Amino acid sequence: MSTPETKAEDDRDIVITKSGKKDESSSSSVQRLKFKSGSNSKKKLLHPPIETHWDLPTQKGKKRTSFSIKSMLSYPLMKLGRSKSIEMILEGTHDPNDESIVQNFREMLSREGLLPPKHNDYHTLLRFLRMNDFDMTISKEMFLNYLKWRKEFRVDMIHKEFKFTEYTEVKKCYPHGYHGVDRFGRPVYIERIGMIDINKLWQVTTNERFIKYHVSEQEKTLQVRYPACSLAAKRHIASTTSILDVNGIGMSNFSKPARYIFMEIQKIDSSYYPETLNKLFIVNAGSGFKMLWKAVKAFLGERTVAKIQVLGSNYLNVLLEAIDPSNLPTFLGGNCTCSDAGGCLMSDQGPWKNSELLEMIQTVSVTEEIDGACESNNSVSDGSLMHKKIDMQNKDDVSSSMSSALEETTYSSCRLGLQKIDGLETSLGDIKNQKIKTLEDALQDTKMALKELAQHIEQQKI
């Protein structure tokens with residue numbers, strides 16, 4: 001968003017087409033952003049907040065309330081109901097129009113064998129489609145580049161292979177971190193960019209390690225922070241509200257090493273983690289930053305620039321509209337210090353630190369993994385049985401061997417699933433029974449289904 005002093009050629013008009021209630025719009029309604037540059041202009045579609053259609057229905061007349069860290073961490077989990085309700089919150093309510101497009105995109109990728117089961121996720125596919133205005137050809141290319149990058153960068157192995165041991169030292173020369181949630185329930189990310197000591201930063205870490213750390217944080221946000229915030233807020237959370245404190249920044253803060261790391265991170269975020277930014281507030285913007293902002297905008301996409309609001313020193317009222325004071329550090333005008341954690345940006349405070357929420361997320365993750373493995377193996381096993389009937393006249397022995405092998409694989413997968421559930425039950429044994437009744441019900445239902453499947457396979461083998 002331009003500052004008042006921005007010249008005419010950088011001005012932009014935003015026309016928002018909406019339907020329904022205030023501050024709500026359907027995915028078919030868009031913000032149309034007109035970028036003016038002399039006599040030339042171009043239009044860009046800006047979609048409404050990604051959670052718009054992922055909000056669970058509320059009772060008529062019941063208002064949404066803002067969230068503080070204290071209320072998040074003491075949230076009565078039993079109000080979430082049975083596991084089905086938990087899954088509904090994590091999955092969210094799909095917009096019918098979006099769902100139809102995502103299904104077409106999914107079928108197109110599947111026909112070409114380009115959709116690995118692990119990444120056959122509704123929300124992931126929707127992000128790439130939204131990023132490209134639902135153009136399937138461009139979205140396909142971007143999605144395939146994403147899969148290639150994940151494989152080459154070994155993203156799925158980062159949590160096992162990479163330990164950012166310099167974390168504390170990096171925080172000292174580059175103050176940043178997640179802290180609390182906004183009034184909607186989204187995680188809040190804060191950077192004090194004017195306090196970055198880039199020379200000291202490269203003394204305690206390297207470009208490669210810092211980028212890998214950034215990717216690990218992005219993965220944690222998708223896999224842990226968003227789900228935890230969703231359960232705490234009882235509605236699907238899928239984006240982040242960010243604050244960039246630029247107090248004291250100038251051209252000296254945008255040296256060649258700083259530009260390099262900024263461009264690499266921006267490339268990763270826009271190419272591989274699209275549509276995860278809800279809003280970026282840039283605060284304490286002085287004359288030095290205004291000069292720098294013109295250079296920075298050149299590296300940002302139009303969609304990202306449209307989500308940015310540049311504010312001077314009188315920013316507090318704007319922030320308080322979006323974020324409760326309890327979730328704002330004192331250096332931003334809030335009332336939180338996190339003194340017991342060495343400061344707010346060292347605390348990583350939020351619903352994702354709640355052990356009960358983490359247990360619930362882990363349980364859902366394990367059951368989905370088991371269900372997916374068994375469904376996949378069942379599909380293969382059914383196909384092999386059909387193949388066995390067709391070839392029985394000529395190749396009885398070969399077909400029988402293949403069928404037995406596939407059945408054994410299915411049986412082993414389900415047995416492994418049962419072992420995982422048993423192990424999880426043991427780890428949860430020390431938690432009070434009344435707090436884990438929901439988890440026990442979900443585990444018992446899954447366990448019974450798997451036992452029946454295992455018995456069915458045993459009967460087929462006999």
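This short talk covers one sheet, the helix lying across it, and a pair of cysteines. Keep in mind that the model is predicted.

Let's start with the sheet. It is open and has 5 strands. Their order is 4-5-6-7-8, and the pairing is mixed. Which strands stand at the edges? Those are strand 4, residues 176-181, and strand 8, residues 308-310. Each has a single partner strand, so one side of each has no neighbour in the sheet. From one strand to the next, the twist averages 20°.

Now look inside the sheet. Strand 6 covers residues 240-245, and strand 7 covers residues 277-283. These two pair in the parallel sense, over 6 bridges. To find your place there, take T241: opposite this residue, in strand 7, stands K279.

Next, the helix. Helix 9 spans residues 207-233. Which strands does helix 9 lie across? Strand 4, strand 5 and strand 6, with strand 5 being residues 187-192. Against strand 4, helix 9 runs at about 5°.

Last, the cysteines. How many disulfides does the structure hold? The count is 0. Take C336, which is in no disulfide. The nearest cysteine sulfur belongs to C338, 3.5 Å away. Why is there no bond between C338 and C336? Because a disulfide needs the sulfur atoms within 2.5 Å, and at 3.5 Å the sulfur of C338 is too far from that of C336. Are these cysteines buried or exposed? C336 is buried, with a relative accessible area of 13%. C338 is buried too, at 9%.

How values were computed. Residues are numbered from 1 along each chain as its sequence is written. This is a predicted model: local features need pLDDT of at least 70, side-chain atom pairs count only at pLDDT 80 or more; totals for chains, interfaces and linings use all residues. Side-chain values use heavy atoms; hydrogens and water are left out. Buried means under 20% relative accessible area, exposed over 50%, partly exposed in between (1.4 Å probe, protein chains only). Two strands pair if DSSP finds at least two bridges between them. Helices (H or I, at least four residues) and strands (E, at least two) are DSSP runs, numbered from the N terminus. Axes are lines fitted to C-alpha atoms, for helices over the stretch in contact, and angles run from 0 to 180 degrees between N-to-C directions. Contact means heavy atoms within 4.5 Å.
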